[in-house]
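Please read this briefing alongside the structure shown below. It covers sheets, helix packing and pockets, in that order.

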Amino acid sequence: MAYNLIIDQGNSRAKVAIFDKWQIVKQWQFYQLTTSDIDTITRSYPIEAAIYCSVATYGEEIIVSLRKTAKRVYELTSMLPLPITVDYATPATLGRDRIAAAAGAAALFPGQKVLVVDAGTAVTYDLVTQNAHFAGGSIAPGLWMRSHSLHTMTKRLPEVDAENNPENLPLWATSTTDAIRNGVMRGIAAEIIYHAEMAGSDTFVIITGGDADTISKIIDTTSESPSGPRLKTGFEVDPDLVTKGLNSILLYNEPD
């Protein structure tokens with residue numbers, strides 16, 4: 001049996017996954033992905049095809065290593081054919097992780113309008129239409145960036161771990177620390193609700209990225225909410241959305 005190898009190189013770490021068609025077989029995370037890591041993985045899993053996506057540096061050594069073991073190697077760029085249509089004025093500048101996440105949403109929810117929230121260093125909000133068009137979106141600071149900038153850009157505000165205990169977030173903070181946590185966490189929750197309302201009541205929300213679990217705990221979906229605006233559409237968390245999207249792009253480019 002031969003497998004597909006998926007590499008998602010982010011700013012701080014790389015996610016590597018083995019797929020058997022649409023099914024994830026094995027996953028790893030590396031803070032510094034090397035060719036030795038690729039060699040170790042491919043010795044255990046014979047690779048038919050591979051796809052490489054990077055939002056950081058160009059991984060020429062990784063691609064060269066992949067070509068030694070995989071029959072077909074793809075790199076996600078603006079030139080690679082996609083299973084979605086990108087309605088973006090400057091497709092070459094569109095983040096590759098945003099493309100992959102949108103492709104993942106289209107594959108997982110065919111015929112459904114989906115708001116993709118990717119919560120990492122930055123938070124991106126991207127709309128995928130029912131007919132698999134990437135309609136566009138927004139980019140905003142992520143949790144850490146918001147709390148860190150409050151500390152570094154002011155004289156007296158402390159450095160706060162905004163992600164700490166999201167379940168115990170007060171409605172009205174009575175300390176500076178909790179006030180920062182409140183503003184940062186509820187600010188992102190409000191952004192998600194706002195973008196979902198702009199997209200329409202028939203929109204499903206999917207949240208991915210390193211802070212997805214944390215953010216999902218403060219999104220209110222109850223009909224009678226004492227804590228402010230609520231998300232009126234359904235949502236789910238999928239930490240593997242980008243990986244699944246890259247696999248869908250690989251399969252789209254594979255020969256019949």
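**Five-stranded sheet**

Strand S4 (residues 47-54) runs parallel to S5, and the two are paired over four bridges. This is a predicted model. The points below begin with the sheet that holds this pair and then move on to a second sheet, the helices packed there, and two pockets.

- In the pairing of S4 with S5, Ala49 has Arg72 of S5 as its bridge partner.
- Both strands belong to an open sheet of five strands, ordered S3-S2-S1-S4-S5, in which the pairing is mixed.
- At the edges of this sheet are strand S3 (23-30) and strand S5 (72-75), each of which pairs on one side only.
- From one strand to the next, the twist averages 15°.
- Helix H2 packs on this sheet and touches strand S1 (3-9), S4 and S5. The direction of H2 makes about 170° with that of S4.
- As a general point, strands of a sheet pair through backbone hydrogen bonds, in either a parallel or an antiparallel sense.

**Six-stranded sheet**

- Another open sheet has six strands in the order S6-S9-S8-S7-S10-S11, again with mixed pairing.
- Its edge strands, pairing on one side only, are strand S6 (85-86) and strand S11 (235-237).
- S6 pairs with strand S9 (residues 133-141) in the parallel sense, over two bridges.
- Within that pair, Val86 has Phe134 of S9 as its bridge partner, and Thr85 stands opposite His133 in S9.
- S9 also pairs with S8, here in the antiparallel sense and over seven bridges.
- Ala122 stands opposite Pro141 in S9.
- S8 and S9 form a hairpin with four residues between them. In the turn, Ala132 has a positive phi of about 60°.

**Helices H4 and H5**

- Which helix touches S7, S8, S9 and strand S10 (203-208)? Helix H5 (residues 176-199) does, packing on the six-stranded sheet with its direction at about 15° to that of S8.
- Helix H4 (residues 143-152) meets H5 with axes that come within 10 Å and cross at roughly 140°. This crossing is right-handed.
- On the H4 side, the contact is made by Leu143, Arg146, Ser147 and Leu150. On the H5 side, it is made by Ile180, Val184, Met185, Gly187, Ile188 and Glu191.
- By class, the contact of H4 with H5 has six nonpolar, two polar and two charged residues.

**Largest pocket**

- The largest pocket has a volume of about 840 Å³.
- It is lined by 28 residues, and those closest to its centre are Asp118, Gly120, Thr121, Gly209 and Gly210.
- At least two lining residues come from each of helix H3 (96-108), strand S7 (113-119), strand S8 (122-128) and helix H7 (241-253). S7 and S8 are also strands of the six-stranded sheet.
- The lining has eight nonpolar, twelve polar and eight charged residues.

**Second largest pocket**

- The second largest pocket holds about 250 Å³ of space.
- Of the 18 residues that line the second largest pocket, Gln9, Gln32, Leu33, Thr57 and Ile62 lie nearest its centre.
- Which helix gives the most to this lining? Helix H2 (residues 60-69) does, with three residues. H2 is also the helix that touches S1, S4 and S5 of the five-stranded sheet.
- Six nonpolar, nine polar and three charged residues make up the lining of the second largest pocket.

Technical notes
Residues are numbered from 1 along each chain as its sequence is written. This is a predicted model: local features need pLDDT of at least 70, side-chain atom pairs count only at pLDDT 80 or more; totals for chains, interfaces and linings use all residues. Side-chain values use heavy atoms; hydrogens and water are left out. On a 1 Å grid over the protein atoms alone, a cavity is a set of points where a 1.4 Å probe fits but cannot get out, and a pocket is an open set with protein on both sides within 12 Å along at least five of seven lines; lining residues have an atom within 4 Å of a point. Grid points are joined across faces, edges and corners, and a volume is the space filled by probe spheres set on the points. Ala, Val, Leu, Ile, Met, Phe, Trp, Tyr, Cys and Pro count as nonpolar, Asp, Glu, Lys and Arg as charged, and the others, Gly among them, as polar. Two strands pair if DSSP finds at least two bridges between them. Contact means heavy atoms within 4.5 Å. Axes are lines fitted to C-alpha atoms, for helices over the stretch in contact, and angles run from 0 to 180 degrees between N-to-C directions. A crossing is left-handed if the near helix is turned anticlockwise from the far one by less than a right angle, and right-handed if clockwise.
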